[in-house]
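Biologist: I would like to learn how to read a fold from its coordinates. Could you walk me through one, feature by feature?

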Amino acid sequence: MILQRLSLINYKNIPAAELEFSPKINCFIGRNGVGKTNVLDAIYFLSFCHSANNPNDSQVIRHGQDFFVLEGTYSDDLSIYCGMKRGTKKHFKRNKKEYKRLSEHIGLIPVVVVAPSDTLLIEGGSEERRRLMDMVISQYERGYIESMNRYNKALQQRNAMLKAEEEPDAEVLALFEEQMAAEGENIYRHRKAFVEELVPIFQRIYETISGNREQVSLNYISHCQRGPLLEVIQRDRHKDRAVGYSLHGVHRDDLEIMLEGHQMKREGSQGQNKTFVIALKLAQFDFLKRTNSQTTPLLLLDDIFDKLDAGRVEQIVKLVAGDDYGQIFITDTNRDHLDQILSASSHDYKIFHVEGGNIE
């Protein structure tokens, strides 16, 4: 997939921009806070129907303005439009035809993002690591989002009954538990298959970037591994009632991140943590490239070189500048990093200078 042109109006701090991109490498240079990341976020929005950083759509509208518009023109005569007026719902269109359900769009334009906030995958709670699995799987497995939605709805209804003052109706509670178990085991199967296929790719990329200096591992942990999920959920119903929420289910799944057999959260340096995240995201890229109808994802690299030694930067540059990767969008404050990437590649490129929301 190639993003040929991007139009932005009132998106975050960008008043208006019409950008034409290189089919290979696109670099955005500027100081922190000038709007480089906002361009990448707009590209992400057109793939996932929401911002990567702002859960509320109205928060992406530029201050003092009443609307925003994004429009992307892609290869294969594909056009994606999103517009929203403050206080109303957004309109999302594919080739001028509005979607009935936004879930129908997810996966059409696969995207992999590497950003500074990705260190939360190591330092943050389990919800960050579940979100990682769900974001990738939803881009190639069409029914996954619907399964997640049904599971979460049954979970919310069960939790509401558990925290109510009156004793919950056992038969109604059992209905929600059965739906949680059915959808949960489906979600578990997809997550398990994804992790099993991802891990060897991830380890190979990590070894390349680190120069084989350390060993890492990634282990999937789920309550589904304890037996039939319905039995696991119902086994401790009295405990759930006491605390007022569901203690068991795929909403508690996690990925165990290890460095040399120890918890990376405790043992990893800043450089090792960043190497881990970059290797994991590049493994996602490889995975999606092979599973998403052979569509090469867009790769968004947001300020990824900070806190990495020169050797690791060099290895990342060699990887992303090679023929295995498609169209790349890179932000950095350091022109030297970008010059290093461009000199390592024989491909076409464009450089954009960003200042105060203006892009040249």
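Modeller: Happily! Let us begin with the inventory: the protein chain has eleven helices and 15 strands. Please keep in mind that this is a predicted model.

Biologist: How does the radius of gyration of the protein chain relate to that of a compact globule?

Modeller: The idea is to set the value beside what a compact globule of equal length would have. For 360 residues that would be near 21 Å, and the protein chain has 22 Å, so the two agree. For the outline, take the principal axes: the C-alpha atoms fill a box of roughly 65 × 50 × 35 Å.

Biologist: What share of the residues is buried?

Modeller: Buried here means under 20% relative accessible area. By that cut-off, 53% of the 360 residues of the protein chain are buried. Contacts add another view: among those with a separation of 6 or more, 72% join residues 24 or more positions apart.

Biologist: Now the strands. How do β1 and β2 pair?

Modeller: A general point to begin with: side chains in a regular strand alternate between the two faces of the sheet. In this structure, strand β1 (residues 3-11) runs antiparallel to strand β2 (residues 14-20), with six bridges between them. Y11 has I14 of β2 as its bridge partner. The hairpin leaves two residues between the strands, and K12 has a positive phi near 55° there.

Biologist: And in the sheet with β9, β10 and β11, which strands are at the edge?

Modeller: Read the order, then look for strands that pair on one side only. This open sheet of three strands runs β9-β10-β11 with antiparallel pairing. Its edge strands are β9 (216-221) and β11 (262-263), each paired on one side only. Between strand β10 (residues 254-259) and β11 there are two bridges, and one detail of this pairing is that L259 has H262 in β11 as its bridge partner.

Biologist: Let us turn to internal space. How many cavities of 30 Å³ or more are there?

Modeller: The count is one cavity at that cut-off, and the largest cavity holds about 40 Å³ of space.

Biologist: Which residues line the largest cavity?

Modeller: For a lining, ask who contributes and what character they have. The residues are V114, A115, P116, D118, T119, K274, V277, I278 and I304. Helix α9 (residues 270-291) gives the largest share, three residues. By character, the lining divides into six nonpolar residues, one polar and two charged.

Technical notes
Residues numbered from 1 in each chain as written. Predicted model: local features only at pLDDT ≥ 70, side-chain atom pairs only at ≥ 80, totals over all residues. Heavy atoms only, no water. Pairing = 2+ DSSP bridges. Helix = DSSP H or I, 4+ residues; strand = E, 2+ residues; numbered from the N terminus. 1 Å grid on protein atoms, 1.4 Å probe; cavity = no way out; pocket = protein on both sides within 12 Å on 5 of 7 lines; lining within 4 Å. Points joined across faces, edges and corners; volume = space filled by probe spheres on them. Nonpolar A, V, L, I, M, F, W, Y, C, P; charged D, E, K, R; others polar. Rg over C-alpha atoms; globule rule 2.2 N^0.38 Å. Buried < 20%, exposed > 50% of the residue type's maximum accessible area, 1.4 Å probe, protein only. Contact = heavy atoms within 4.5 Å.
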